[in-house]
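Thanks for coming. I have one model to go through today, so please put it up on the screen.

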Amino acid sequence: MHDRPEQHAYVDCVPGFPSERLERYLHRALTLPIRDTLLSALGHFSTAGVASDLGCGPGKEVAELLRHGWRVEAVDAYAHMLEVTQAAAIEAVGAQETSARLCCVHALIANWSAPPNSLDLVHAGFSLPFVAAADFPKVWGTMCAALKPDSIFAGQLFGLKDSFLAESPAGSMNAHTHDEVVQLLRGFQVISITEEERDGVVGIPPNERAKHWHVFHIVARRNQG
Ligand SMILES: C[S@@+](CC[C@H](N)C(=O)[O-])C[C@H]1O[C@@H](n2cnc3c(N)ncnc32)[C@H](O)[C@@H]1O
């Protein structure tokens, strides 16, 4: 798999996830383990398949998927994240395997698409909440259509009390009630939904900032047919 050059026209700008937010995330990212949601999803597969990682960040989960033999499409709005992901992939499985099994796509998630019934797994770790509210229904619909029967979605959505919402330009993010999350997962068999609400921080000293987290951690299997 190779980069798709036509996708590179997008500027590195996400209204819901500006570069300042990305920097604070990256300061902590090195200390973060591979996402539990992805590890849980992988535990439900006996063979490797085709995955998309939407908002891949520095590519820890992409590297893990490649180590498990998957073909992976890594999508991110920031070109730098795709460079770091590419490096993480080469470190994990070598240049030849990376070239054969990783495709990096520089795009907004709102502009991402995939053929219907083409994916065995979508991982979207702390990225879907930064899709503009008006774009979210289309993104969710595209993702659901791209997932094969029995495939898995693993990732996070935000609840209404997440403090990033009030700090972001109106409409630049999306968030959901528990009931809305259940509705979104109508076409899925839920493996786990954990709702987490807590006070925490983003960034590291001296640039640490208080942050109220309201997150749904989701692993769900797409229904048959
Ligand atoms: C908080 S980081 C999470 C990275 C990684 N998935 C993880 O679980 O640690 C969010 C990532 O999603 C990307 N992202 C956020 N909103 C996006 C959007 N609307 N389109 C494309 N990428 C986006 C950011 O650039 C960033 O790399």
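**Overall layout**

The protein has seven helices and seven strands. Before anything else, note that this is a predicted model. Reading from the N terminus, the order of elements is α-α-β-α-β-α-β-β-α-β-α-α-β-β.

On overall dimensions, the C-alpha trace spans about 40 × 40 × 30 Å along its principal axes. The radius of gyration is 16 Å, and because a compact globule of 225 residues would have one near 17 Å, the protein agrees with that expectation. Of those 225 residues, 38% count as buried. As for contacts between residues at least 6 apart in sequence, 74% of them join residues at least 24 apart.

**Helix α3**

Next, the helix at residues 60–67. How many of the eight residues of α3 are buried? Seven of them are, so to speak of this helix as mostly covered is fair. The buried ones are Lys60, Glu61, Val62, Ala63, Glu64, Leu65 and Leu66. Note that Lys60, Glu61 and Glu64 are on that list along with Val62 and the others.

What covers the buried residues of α3? The cover includes helices α2 (36–42) and α4 (79–101). It also includes the strands β1 (50–54), β2 (71–76), β3 (102–106) and β4 (119–124). After α3 comes Gly69, which has a positive phi, near 90 degrees.

**The ligand shell**

Moving to the ligand. There are 19 residues around it, and those that come nearest are Gly55, Gly57, Ala77, Gly125 and Phe130. By type, the shell divides into 13 nonpolar, four polar and two charged residues.

I will stay with Phe130 for a moment. Phe130 sits in the loop between β4 and α5 (136–146). Is Phe130 buried or exposed? Phe130 is buried, because 23 other C-beta atoms lie within 10 Å, and the cut-off for buried is 20 or more. Setting aside neighbours within four places in sequence, Phe130 is in contact with Val14, Gly16, Phe17 and Met173. Pro18 is 112 residues from Phe130 along the chain, yet their C-alpha atoms are separated by 9.6 Å.

**Backbone exceptions**

Last, some backbone geometry. Most residues other than glycine have a negative phi, and most peptide bonds are trans. Three places in this model are worth looking at with that in mind.

Asn117 is not a glycine, but its phi is positive, about 55 degrees. Asn117 lies in the loop between β3 and β4. Asn117 counts as exposed because it has 12 C-beta neighbours inside 10 Å.

Asp150 is another residue other than glycine with a positive phi, here near 75 degrees. Where is Asp150 placed? Asp150 is in strand β5, residues 147–158. With 14 C-beta neighbours inside 10 Å, Asp150 counts as partly exposed.

The peptide bond between Pro205 and Pro206 is cis, with omega about 5 degrees. Pro206 is found in the loop between β6 (188–202) and β7 (209–222).

To go back over the main points: α3 is mostly covered, Phe130 is among the residues that come nearest to the ligand, and a cis bond joins Pro205 and Pro206. That is what I have, and I will take questions now.

Conventions:
Residues are numbered from 1 along each chain as its sequence is written. This is a predicted model: local features need pLDDT of at least 70, side-chain atom pairs count only at pLDDT 80 or more; totals for chains, interfaces and linings use all residues. Helices (H or I, at least four residues) and strands (E, at least two) are DSSP runs, numbered from the N terminus. Two residues are in contact if their C-beta atoms, placed from the backbone, lie within 7 Å. The radius of gyration is taken over C-alpha atoms; the globule rule is 2.2 Å times the number of residues to the power 0.38. A residue is near a molecule or strand if its C-beta atom, placed from the backbone, lies within 6 Å of it. Ala, Val, Leu, Ile, Met, Phe, Trp, Tyr, Cys and Pro count as nonpolar, Asp, Glu, Lys and Arg as charged, and the others, Gly among them, as polar.
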